[in-house]
Structure formats: C-alpha cells, structure tokens
Amino acid sequence: MAKWFNVGKIVNTHGIKGEVRVISRTDFPEERYKVGNKLYLFLPNEAQPKELTVKSHRTHKNFDLIVFEGYENINLVEKFRDGILKVPESQLKDLEEDEFYFHEIIGCLVKTTQGEVIGKITEILTPGANDVWVVKGENGKEILIPYIHDVVKEVDVQEKMVLIEPMEGLLS
C-alpha cells in the first residue's frame, strides 16, 4: 500500500485556459509544481487517483495556479474542484540536516529544555524568513514558535518530540 502526501487542494478554476487554483500544503512548491512533474489527483467520488503532469505554474495572490498537460480548457478541469493533489512517498527526497517535511513535524510534542510540556504542533505557517510552528497548548491556546536555532534546540521526528528554549515573552 503506497503512502501519499498532500501537496494541495484544488479550490477552483481560474480563467478559461484550464488553470486551477490550488491552496498549497507542500513544503517545496517550486519542486512539486515544476513543469513536467507528476501529481496525483484524488477526487471524492473516484477510487483511483488521476496522474497529472504540470504544464505551467505561477502564483497569484495566495494561490498557486497550475495547468496540466492535456487539460488546457476550463471544461476539462471543472470536475477537479475539491480534489486533493498528492505525491507518493517515492517522490520525497532526503533532506539536509535540520530540514524536515511538514508531516514529520505536525503532531510532535513540544517541551521546554526545563521539561515543561507546551503542547502539540498542529500546523506550520510559512510567512517568509522562517517557518512558524503552531502549537496547541494544554489549555487549547495556540502558541506560535518560530523555527530558528535560538528557540528550537532539538527535533526528534522518530520520538515526535521537539525541545525549545523559549525567548522572553514567547509563551506569555
């Protein structure tokens, strides 16, 4: 049984030339949406994923706009709406030290170096210079942890554990 990883969700069409509007969920959009790359579309009412090849990619506002080879018309892509684009595990490449896939980080328990449990990572934001990990605290409060060396001291994806050294004001 192959493992699949979400790349994004098709939320709408864009224009009449077959572009689809994607809310991206990938760590590496420049790689996933590269011309010629294969993505697999999972639709709610279809048993088998549809293999699609990226023909073009551009960003517009907060969306990725993609055209797939052979689907250069709005009428051919309308049915793709609400589909999830995925890649098989075989497309994941080895990462550098201190680089992680989103799926490895989400769900990790966050503790301070003093042993205080902060909560679990529920989401990763990519606002710019560095990623921000959203941690849901024991009390349901969300805490934003910047993924920088000054704060994140250790990441163990096997044990699903992250150790942080909180900067002043980070947890208040």
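Which element of the protein chain has the lowest mean pLDDT, and which the highest? Helix α2 (residues 74-77) has the highest, at 96. The lowest belongs to α3, at 80.

**View 1. Confidence along the predicted chain.** This is a predicted model. The protein chain averages a pLDDT of 87. Of its residues, 94% score at least 70. Among the elements, the mean pLDDT runs from 80 in α3 to 96 in α2.

**View 2. A closed barrel of 6 strands.** The strands follow the order β1-β2-β5-β4-β3-β6. Their pairing is antiparallel. On average, neighbouring strands of this sheet are turned by 50° against each other, direction ignored. Strands of a sheet pair through backbone hydrogen bonds.

**View 3. Strands β4 and β5, paired in the antiparallel sense.** Strand β4 covers residues 50-60. Strand β5 covers residues 63-68. The two pair over 6 bridges. One residue to find here is Thr59. Its bridge partner in β5 is Asp64.

**View 4. A salt bridge between Glu19 and Arg58.** The closest N and O atoms of this pair are 2.7 Å apart. Glu19 sits in strand β2 (residues 19-24), and Arg58 in strand β4. The two residues are 39 residues apart, so the pair links distant parts of the chain. A search of the whole structure finds 4 salt bridges.

**View 5. The largest pocket, with about 460 Å³ of space.** The lining of this pocket is made of 22 residues. Closest to the centre are Asn6, Arg25, Thr26, Asp27 and Phe102. Four elements each give two or more residues to the lining: β1 (4-14), α1 (29-32), α3 (102-105) and β8 (117-125). By class, the lining residues divide into 11 nonpolar, 6 polar and 5 charged.

**View 6. The second largest pocket, with a volume of about 240 Å³.** Here 13 residues form the lining. Those closest to the centre are Glu99, Phe100, Phe102, Asp131 and Tyr147. The lining has 8 nonpolar residues, 1 polar residue and 4 charged residues.

**View 7. Phe102, a residue of both pocket linings.** Phe102 is among the residues closest to the centre of the largest pocket. Phe102 is also among those closest to the centre of the second largest pocket. The element α3 (102-105) gives two or more residues to the lining of the largest pocket. The mean pLDDT of α3 is 80, the lowest among the elements of the protein chain.

How values were computed: Residues numbered from 1 in each chain as written. Predicted model: local features only at pLDDT ≥ 70, side-chain atom pairs only at ≥ 80, totals over all residues. Heavy atoms only, no water. Pairing = 2+ DSSP bridges. Axes fitted to C-alpha atoms, helices over the stretch in contact; angles between N-to-C directions. 1 Å grid on protein atoms, 1.4 Å probe; cavity = no way out; pocket = protein on both sides within 12 Å on 5 of 7 lines; lining within 4 Å. Points joined across faces, edges and corners; volume = space filled by probe spheres on them. Nonpolar A, V, L, I, M, F, W, Y, C, P; charged D, E, K, R; others polar. pLDDT = per-residue confidence, 0-100. Salt bridge = Lys/Arg side-chain N within 4 Å of Asp/Glu carboxyl O.
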